[in-house]
Amino acid sequence: MASKIENNRPVDPNARDIQIQTKLIALIGAVIVVSSVLVATVSLTVFDKNQIEATEVQLQHSADGALRVMLDWLLTLKGYAATTANREDVIDAVSENDTDTLEQIISYYGGELDYAYMAFTDTNGTILAAGENGPGAGQNVSSSHAVSKALTGTIGYAYESYNSNYCQVYAYPIKKDGDVVGATLFAYDFTDGDFVSLMKTAYDTECTIFQGDTRIDSSLEGVVGTTLANKTILDLVLNQGGTYKGENKIKGKDYYSVYAPLSNDDGKVTGMLFIAKSLEKIEAIKYTTLKIVVPVAVVLALILMFISFRFIHWLMWRIENVTKQLREMATGEADLTKRVTLRVLDEIGDLVINFNAFCDKLQTIIGETKRSKDELAVSGESMSASTQDTASAITQIIANIDSISHQITTQNQSVQQTAGAVDEISANIDSLNQMIEHQSSGVSQASAAVEEMIGNISSVNHSVEKMASSFQELESNANMGFKMQNDVNERIQQIETQSEMLQDANTAISSIAEQTNLLAMNAAIEAAHAGEAGKGFAVVADEIRKLSETSSAQSKTIGEQLTKIKASIGEVVAASNESSRSFGVVSQKIQETDQLVMQIKAAMEEQNQGSQQITDALKTMNDSTQEVKSASVEMSNGNKMILEEVQNLQSATLEMKGSMDEMSSGARKINETGASLANISSQVQDAIGKIGSQIDLFKV
């Protein structure tokens, strides 16, 4: 076959579009390239983000560490100041304005301790003696927050300026006999570079100390003495006392920075701590990573594309085997005995299995079709002979149909006469059935009335039984209540006896309190006689007297409460006795009522037996009526069934007559088509011959 028709146009089987193999390789290559680019981009983005987050965490830790160092320095200054302020020689020297002794102490501390500045002041804040690197003797430093607070008797610390140097200052009050006689202060200098160098070395970060908005010391070159121009940072840190974290540009360079406030003990912010890291280092790490990731991604993409090419080529080779087999079946001798070899059991393997199964099925079908062709040829000849026999049989059937139609007409007349007689019998049965209905209705009404009366009697009897049971239970509960009330009376009498014992005990306590009071008075008199030696005993006697008075007052109160309790117990005893008498009356009345209920119950049982006998008689009469009624209904139903059958027979006879007419007409039409059937038989034989010639082309 040179060509085939597809979408109403001829298609050359040798002309192809782009091969599937090429399409798949191109698609997979594009996917690999795009995936590599996306993975690299996402990796770098995530890396950049994680690096920024890590830098932020590192800077926050560095800032926290720097603040902890400042706190450690502050605690060290506190220890120096507290130790110095509590020395006896310092207290005496400050109170006496002994500057020589103070200078000796300062000289000694300067060689032993690590600090930047030390001084002693009087109560006015004037320096009595001081070390180097700060205000000298005679200068007044009362404007210092830490010093002014120490002169009020409270320790204080601050971040302030001394001799134009921004320092961490701790002041401690010097007291003598509880009065402040001066103060001592110690300070660390933030402008000497020690703190900034420590942060640079310890955390590998840039560090700057601000006094207000001015940089006073920094690890960055060329920024000392400059001011911070970022209003957002200044407002957040200096004005609000918050911490700023984010990117910032200094001298044209980008930094990721943390600004933390430096505040006094009253919360006032006087400076800032700056910890930062250059973003150039982060970018350098990112570019280094990019140089590694890109070549690796390209190599992986090439390897994956080569593997994909080999795999797709192998898949297409297996599909080509199936295509080759189909091509041979379409262009060769239609050999259905050939099969495709199964190599791997996967989706293409399923295709090969199903293709071979289809060939097996097709081979079976074609084989069966070849065998059926011969059978059809024989059947065609038989059908031609049978057609002629059928034509003669149809002629005989037409004659028989005419005879049956005449017999059905006679039968229809007989059925109509039978239907009239059955209608008359049905009318008589309906009249008898109405009479039985009236009798049955009367018996049913009487029976229902008696049954209703019996039901009412049973209900009353049931209620009486419940009442009798309830009275018995009530009598039992009343007896139990009477017994429990007697127990309560006995317990109340016991409580009354015990309350009298409590009254006696309270009288004894009152007597003891009076005797204790007399003893206290005697002890006080004896203590007065003893003079100075008896003062301690007089105090004890006075306390015993107070205790006696308190006991007497409490005894009086307890006595009043016991009197009230006794009166209440008497009222409860009277009420309990009255309740016992009431329980006895209730129990007697319940017994009398129970006897009346039992008499009513016996009468209702006799009434129930008589009503039951009447009901049995009515049931017997009603059963007899129902049997007669049932027999009448059965007769009526049987008559109706007979009438219906007669009517059905009449209808069937008419239908049979119509059907015989239709059969007669159809038989004539069949006879007319007999000749046409003979011609069709001849055409079928010709078609069988053509099918056989096509099937013989297949080799099975």
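These are my notebook entries on a predicted model, kept in the order I looked things up.

**Entry 1: overview**

I began with the whole chain. The protein has 700 residues, and 31% of them count as buried. Its secondary structure comes to 9 helices and 12 strands. I also looked at how far along the chain the contacts reach. Of those between residues at least 6 apart in sequence, 64% join residues at least 24 apart.

**Entry 2: the open sheet**

Next I traced a sheet. I found an open one of 5 strands, ordered β9-β8-β12-β11-β10, with antiparallel pairing. Which strands sit at the edges? They are β9 (214-218) and β10 (244-250), and each of these pairs on one side only. From one strand to the next, the twist averages 35°.

A reminder to myself: strands of a sheet pair through backbone hydrogen bonds, in either a parallel or an antiparallel sense.

I then zoomed in on one pairing. Strand β8 (residues 206-211) runs antiparallel to β9, and the two pair over 4 bridges. To have a register to click on, I noted that threonine 208 has serine 218 of β9 as its bridge partner.

**Entry 3: helices lying across the sheet**

Two helices caught my eye here. α5 lies across β8, β9 and β12, and runs at about 150° to β8. Helix α6 (residues 231-239) lies across β10, β11 and β12, at about 130° to β12.

I stayed with α5, which spans residues 194-203. Which of its residues are buried? I listed Phe195, Val196 and Met199. Seen down the axis of α5, the buried residues fall within an arc of 100°, so they line one face of the helix. Just after α5 comes aspartate 204, and its phi is positive, near 55°. I flagged that residue for a second look at the backbone.

**Entry 4: aromatic rings**

My search of the whole structure for aromatic pairs returned 16. I picked tyrosine 259 and phenylalanine 274, a tilted pair with 4.9 Å centre to centre and 55° between the planes. The pair links distant parts of the chain, with tyrosine 259 in strand β11, phenylalanine 274 in strand β12, and their positions 15 residues apart in sequence. Are these two residues buried or exposed? I found both tyrosine 259 and phenylalanine 274 buried.

Another thing I liked was a cluster. Ring pairs link Trp73, Tyr159, Tyr166, Tyr188, Phe190 and Phe195 into it. Phe195 was already on my page as one of the buried residues in α5.

**Entry 5: salt bridges**

How many salt bridges does a search of the whole structure find? The count is 6, and I wrote up some of them.

- Arginine 87 and aspartate 89 meet through their side chains in a salt bridge, at 2.6 Å from N to O. Arginine 87 is partly exposed, with a relative accessible area of 27%. Aspartate 89 is also partly exposed, with 31%.
- Lysine 176 forms a salt bridge with aspartate 92, and their closest N and O atoms are 3.8 Å apart. This pair links distant parts of the chain: lysine 176 is in strand β6 (residues 165-176), aspartate 92 is in helix α2 (residues 88-95), and they are 84 residues apart. Lysine 176 is partly exposed at a relative accessible area of 32%, and aspartate 92 counts as partly exposed at 32%. The cut-off for a salt bridge is 4 Å, so I kept this pair at 3.8 Å.
- Aspartate 265 forms a salt bridge with lysine 149, with the closest N and O atoms 3.0 Å apart. Here too distant parts of the chain are linked: aspartate 265 is in the loop between β11 (253-263) and β12 (269-278), lysine 149 is in helix α4 (residues 145-151), and 116 residues separate them. Aspartate 265 counts as partly exposed at 23% relative accessibility, and so does lysine 149 at 26%.

**Entry 6: one residue in helix α9**

Last, I looked up methionine 598. Where is it placed? I found methionine 598 in helix α9 (residues 535-695). Its relative accessible area is 38%, which makes methionine 598 partly exposed. I also checked it against glutamate 465: the two are 133 residues apart in sequence and 8.4 Å apart in space, C-alpha to C-alpha.

Key
Residues numbered from 1 in each chain as written. Predicted model: local features only at pLDDT ≥ 70, side-chain atom pairs only at ≥ 80, totals over all residues. Heavy atoms only, no water. Buried < 20%, exposed > 50% of the residue type's maximum accessible area, 1.4 Å probe, protein only. Arc of directions from axis to C-beta. Pairing = 2+ DSSP bridges. Axes fitted to C-alpha atoms, helices over the stretch in contact; angles between N-to-C directions. Contact = heavy atoms within 4.5 Å. Phe/Tyr/Trp six-rings, centres within 6.5 Å; stacked < 30°, edge-to-face > 60°.
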